[in-house]
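User: Hi! I've got a new model open and would like to talk it through with you. Could you start me off with the basics?

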Amino acid sequence: MASLCLTPLPPPPPSQPRKLLEPNSSSSSSLNLKPIVVNGNPPTFVSAPGRRIVAVGDLHGDLDQARCALEMAGVLSSDGEDLWTGGETVLIQLGDILDRGDDEIAILSLLRSLDIQAKAEGGAVFQVNGNHETMNVEGDFRYVESGAFDECIDFLEYLDECTNDWEEAFVGWIGVSGRWKKERKMSQNYWGPLNLVKRQKGMIARSMLLRPGGPLACELAQHAVVLKVNDWVFCHGGLLPHHVAYGIERMNGEVSHWMRGLSESGDSPQIPFMATRGYDSVVWNRLFSRDVSDLEDYQIKQIHSILEETLQAVGATAMVVGHTPQTLGVNCKYNCSIWRIDVGMSSGVLNSRPEVLEVRDNKARVISSRMDAYSEFQAIDYI
């Protein structure tokens, strides 16, 4: 296995509002849009005037389904070149890229590559960490597929080929991961998923990448657990009033510091409980995703009241969550103040047809086919 000798990433700078790259002047439509402004590190509050927003739910290591969802959303080319086609669109992925599938790092690499391309066009790509990201940084590998351990081994070897240039290796991985995967499976030295020596090698590789302070954990540390874009709030499980009272930028910062392996006292950083642990933490909460047919009327009213209180506290019109697979597809409840967009599209979950949520001019609609991305039909209006 390649050795990993990387310079530790510095702590994030103090939070300052910052503009993303100015749009390419060759894009005629971008001339009328103000730049995207980001507050917080990791990003917490985003002003994206006039932008089309697209939200994608849990991907769980399924690169084919991820590409299908992104193509359907109109932000990824269908020619296999992995080019950004979304113009000034803001894409938000709601976490749980890790576990249950083989191509986790490839998906993360794809999203980073698209973000670089999107910023040049006046758009952006944001990610929100889910419970499976935080579990892996904790060292909980119960839901890791054998192919994902193999990808960690392959990626470390590729990183070594890139002379430990993390940026080059990470952004470039999406372009070479398929070849590495194919060559591994064709190799005479491919021992199969039950070989204990190979599995131990994969465990070590994954631990090196994802332990607090590891390079992939530091990559995840650049993403929030709660993100507010314009009047919409995005998180993996669900935001509650006491989270808002605690401070969402504070929570984002604490999770980021933990993932980076940073601690003010010099000891091992403490796991941020409110954001990442417990049934009512931001990444685990399922209160707003429960099937209302299982609830009594008074319970529905209580949940609706909690949701309204949360949205009022954070200054948002609606919340978008993943985490809990919706067998009937992307849907909204409680007067459409909550959108549930995890459809279990990964082959490791339900292998269902991808669907994504689009918000344009404060109107929300579901996109469930490539044609939908370019068509007009009934939408929920929040104005």
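Analyst: Happy to! One term before the numbers: a residue counts as buried when its relative accessible area is under 20%. With that in hand, 55% of the 383 residues of the protein chain count as buried. Keep in mind that this is a predicted model.

User: Thanks! How many helices and strands does the protein chain have?

Analyst: The protein chain has 11 helices and 14 strands.

User: And what share of the contacts comes from residues 24 or more positions apart?

Analyst: Taking the contacts in the protein chain with a separation of 6 or more, 68% are between residues 24 or more positions apart. For one pair to look at, try Lys-363 and Arg-52: they are 311 residues apart in sequence, and their C-alpha atoms are 9.9 Å apart in space.

User: Where does Lys-363 lie, and is it buried or exposed?

Analyst: Lys-363 is in strand S13. As for burial, Lys-363 sits in between: its relative accessible area is 38%, so it is partly exposed.

User: OK, on to the core. Which residues have the most contacts inside the largest nonpolar core?

Analyst: Those are Ile-92, Leu-239, Met-319 and Trp-339, in a core of 103 residues. H2 supplies the largest share of this core, with eight residues.

User: Let me click on Met-319. What is it in contact with, leaving aside its neighbours within four places in sequence?

Analyst: Quite a list! Met-319 touches Val-233, Cys-235, Gly-238, Leu-239, Phe-288, Leu-307, Thr-310, Leu-311, Ser-337, Ile-338 and Trp-339. Two of these names, Leu-239 and Trp-339, also came up among the residues with the most contacts inside the core.

User: Back to H2, then. At what angle do H1 and H2 cross?

Analyst: Roughly 25 degrees, and the axes of H1 (residues 63-72) and H2 (residues 104-120) come within 10 Å. The two helices are therefore roughly parallel to each other, and their crossing is right-handed. On the H1 side, the contact is made by Leu-63, Ala-66, Arg-67 and Leu-70, and on the H2 side by Ala-106, Ile-107, Leu-110, Leu-111 and Leu-114.

User: How does that contact divide by class?

Analyst: The contact of H1 with H2 has eight nonpolar residues, one charged and no polar.

User: How many of the residues of H1 are buried?

Analyst: Seven of its 10, which leaves H1 mostly covered. The buried ones are Leu-63, Gln-65, Ala-66, Ala-69, Leu-70, Glu-71 and Met-72. Their cover includes strands S4 (53-56) and S5 (90-93), along with H2, H5, S12 and S13.

User: And how do H2 and H4 cross?

Analyst: At roughly 60 degrees, with axes that come within 8 Å. That makes H2 oblique to H4. Here the contact is made by Glu-104, Ile-105 and Ala-106 of H2 with Ala-148, Glu-151, Cys-152 and Phe-155 of H4. By class, there are five nonpolar, two charged and no polar residues in the contact of H2 with H4.

User: While we're on H4, at what angle does it pack with H5?

Analyst: About 125 degrees: H4 (residues 146-161) and H5 (residues 166-186) have their axes 9 Å apart. H4 is therefore oblique to H5, and the crossing of this pair is right-handed. Residues in this contact include Asp-150, Glu-151 and Phe-155 of H4 and Trp-166, Trp-173 and Arg-184 of H5. By class, the contact of H4 with H5 has nine nonpolar, two polar and seven charged residues.

User: Changing topic to the backbone: which residues are joined by a cis peptide bond?

Analyst: Asn-41 and Pro-42, with an omega of about 10 degrees. Pro-42 is in the loop between strands S2 (37-39) and S3 (45-47). As background, most peptide bonds are trans, and most residues other than glycine have a negative phi.

User: Good reminder! What is phi of His-323, and is His-323 buried or exposed?

Analyst: Phi of His-323 is near 80 degrees, which is positive although the residue is not glycine. His-323 counts as buried because its relative accessibility is 5%. Its place is in the loop between strands S9 (318-321) and S10 (331-333). Asn-362 is worth a click as well: its phi is positive, near 65 degrees, and Asn-362 lies in the loop between S12 (356-360) and S13 (363-367).

Note on methods. Residues are numbered from 1 along each chain as its sequence is written. This is a predicted model: local features need pLDDT of at least 70, side-chain atom pairs count only at pLDDT 80 or more; totals for chains, interfaces and linings use all residues. Side-chain values use heavy atoms; hydrogens and water are left out. Axes are lines fitted to C-alpha atoms, for helices over the stretch in contact, and angles run from 0 to 180 degrees between N-to-C directions. Helices (H or I, at least four residues) and strands (E, at least two) are DSSP runs, numbered from the N terminus. Angles under 35 degrees count as roughly parallel, over 145 as roughly antiparallel, 65 to 115 as roughly perpendicular and the rest as oblique. A crossing is left-handed if the near helix is turned anticlockwise from the far one by less than a right angle, and right-handed if clockwise. Contact means heavy atoms within 4.5 Å. Ala, Val, Leu, Ile, Met, Phe, Trp, Tyr, Cys and Pro count as nonpolar, Asp, Glu, Lys and Arg as charged, and the others, Gly among them, as polar. A nonpolar core is a set of buried Ala, Val, Leu, Ile, Met, Phe, Trp, Tyr and Cys residues joined through side-chain atoms within 4.5 Å. Buried means under 20% relative accessible area, exposed over 50%, partly exposed in between (1.4 Å probe, protein chains only).
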